[in-house]
Amino acid sequence: MTSLLAADQLSRGDIETLLHRAAALRDGLDVRHPGRVVGLLFLDVSLRTRVGFAVAATRLGANPVTLSAVRQSTLMGAPETLEDTVRSVGAWFDALCVRHPDAGAAARVAAAVATPVINRGDGQAEHPTQALVDLFALRQHVGDVDGLRIGIVGDLHAMRSAHSFATVLAAFNDMHVRCMGPAGLDLPEPAFAALRAAGHVVERLNGLELDDLDVIYVAGLPAETAVGTIDDTEQARFRITVSRAQRLADHVRVLCPLPRVDEIEPGVDELPQAAYFAQTADAQWVRMAVLDHVLSGGPFGS
Ligand code: CP
């Protein structure tokens, strides 16, 4: 399959290929796709992913074209379906990146056009390229991913980055994954099932237990959730505060897909365990690797 729609498409081989390519691009590998055009169909808010893929396309010598105010709102006078929009414009592009508020939207686009589609975040479902960014950060800041003890914190029901991150961990060996968040906001069952099928130890805690972890992945805990409003007292139980972070071992790294609201205290940024801004800065190499792979016709799931 030449589209990347969900994290469970990424085999260990795909992951290694893409992470090695990202590291090579960071180290100066010059790859060019002149004359290719990348469509950025961003119908939901995004800073990092939208601008990041425009930068990645530009660095590869391709041309990014952003489509944002498309005719899908009755306010625009002539609304049309997502399918009609992409059937109209999809063939103009060599790759189509999609961010959309609805789960499954990227798959709908892929079903409607022959152009390879990259899911850049669809509702509360998936964010597979963020998962690759997260793995690249693990390699950079922690080392070998196999055998790590990883905590994932927040609203794991709603946070698509957590879904895709947990899913790609299933491709590694001997992982210990601790899911921490309020009751009722668990990872979706397919992500749990993928981790368990891989033989990983999976814990589910309604509290924060950080002492024996190597990595803390902060997925975010908004006030409005599927189980109702989470008040500040409850949010604070899962917040990475300076005092909690100061008790972490030196080798531990805190990752976050960003944006942050208040799930990590700003003072944590100054601690050596904070790796999230470096994680985001390095994302450009991963986005270039993904685009290079897609523009070269490389399949996923090999
Ligand atoms: N991490 C991430 O997807 O950020 P944006 O929503 O700003 O793209």
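Here are a few exercises on this structure, each with a worked solution.

Before you start: this is a predicted model, where local features need pLDDT of at least 70, side-chain atom pairs count only at pLDDT 80 or more, and totals for chains, interfaces and linings use all residues. Residues are numbered from 1 along each chain as its sequence is written, and side-chain values use heavy atoms, with hydrogens and water left out.

**Exercise 1. Work out how the strands of the five-stranded open sheet are ordered and paired.**

Step 1. Get the strands: these are DSSP runs of E, at least two residues, while helices are runs of H or I, at least four residues, and both are numbered from the N terminus. Two strands pair if DSSP finds at least two bridges between them.

Step 2. Read off the order, which is S7-S6-S5-S8-S11, with parallel pairing. Strand S7 (201-205) and strand S11 (253-255) sit at the edges, since each pairs on one side only.

Step 3. Check the bridges. Strand S5 (residues 149-154) has five to strand S8 (residues 215-220), and isoleucine 152 is partnered there with tyrosine 217. S5 also has five bridges to S6, where glycine 151 has arginine 178 as its partner. S6 and S7 are joined by five bridges as well, and methionine 180 stands opposite leucine 205 in S7.

Step 4. Add the twist: neighbouring strands of this sheet are turned by 20° against each other on average, direction ignored (axes are lines fitted to C-alpha atoms, for helices over the stretch in contact, and angles run from 0 to 180 degrees between N-to-C directions).

**Exercise 2. Find the handedness of the crossovers that start from S5 and S6.**

Step 1. Fix the convention: with the strands pointing away from the viewer, a crossover is right-handed if the path from the first strand over the helix to the second runs clockwise.

Step 2. Apply it to S5, helix H6 (residues 160-169) and S6, and you get a right-handed β-α-β unit. From S6 the chain goes through H7 to S7, and that crossover is right-handed too.

Step 3. Place the second helix. H7 (residues 189-197) lies across strand S6 (176-180) and S7, at about 145° to S7.

**Exercise 3. Decide whether S6 and S4 are enclosed or open.**

Step 1. Set the cut-offs: buried means under 20% relative accessible area, exposed over 50%, partly exposed in between (1.4 Å probe, protein chains only).

Step 2. Take S6: five of its five residues are buried, so the strand is largely enclosed by the rest of the structure. His176, Arg178 and Met180 are on one side and Val177 and Cys179 on the other, with all of them buried.

Step 3. Take S4 (residues 117-122): six of six residues are buried, so S4 is largely enclosed as well. It runs parallel to strand S3 (residues 95-100), with four bridges between them, and cysteine 97 stands opposite isoleucine 118.

**Exercise 4. Identify the residues at the heart of the largest nonpolar core, and look for disulfides.**

Step 1. Build the core from buried Ala, Val, Leu, Ile, Met, Phe, Trp, Tyr and Cys residues joined through side-chain atoms within 4.5 Å.

Step 2. Rank the 64 members: Leu138, Ile150, Ile152, Leu169, Leu187 and Leu291 touch the most other members. Helix H10 (residues 276-295) gives the most to this core, with nine residues.

Step 3. Search for sulfur pairs within 2.5 Å, the disulfide cut-off. The whole structure has zero disulfides; for cysteine 256, the nearest cysteine sulfur, that of cysteine 179, is 16 Å away.

Methods
Contact means heavy atoms within 4.5 Å.
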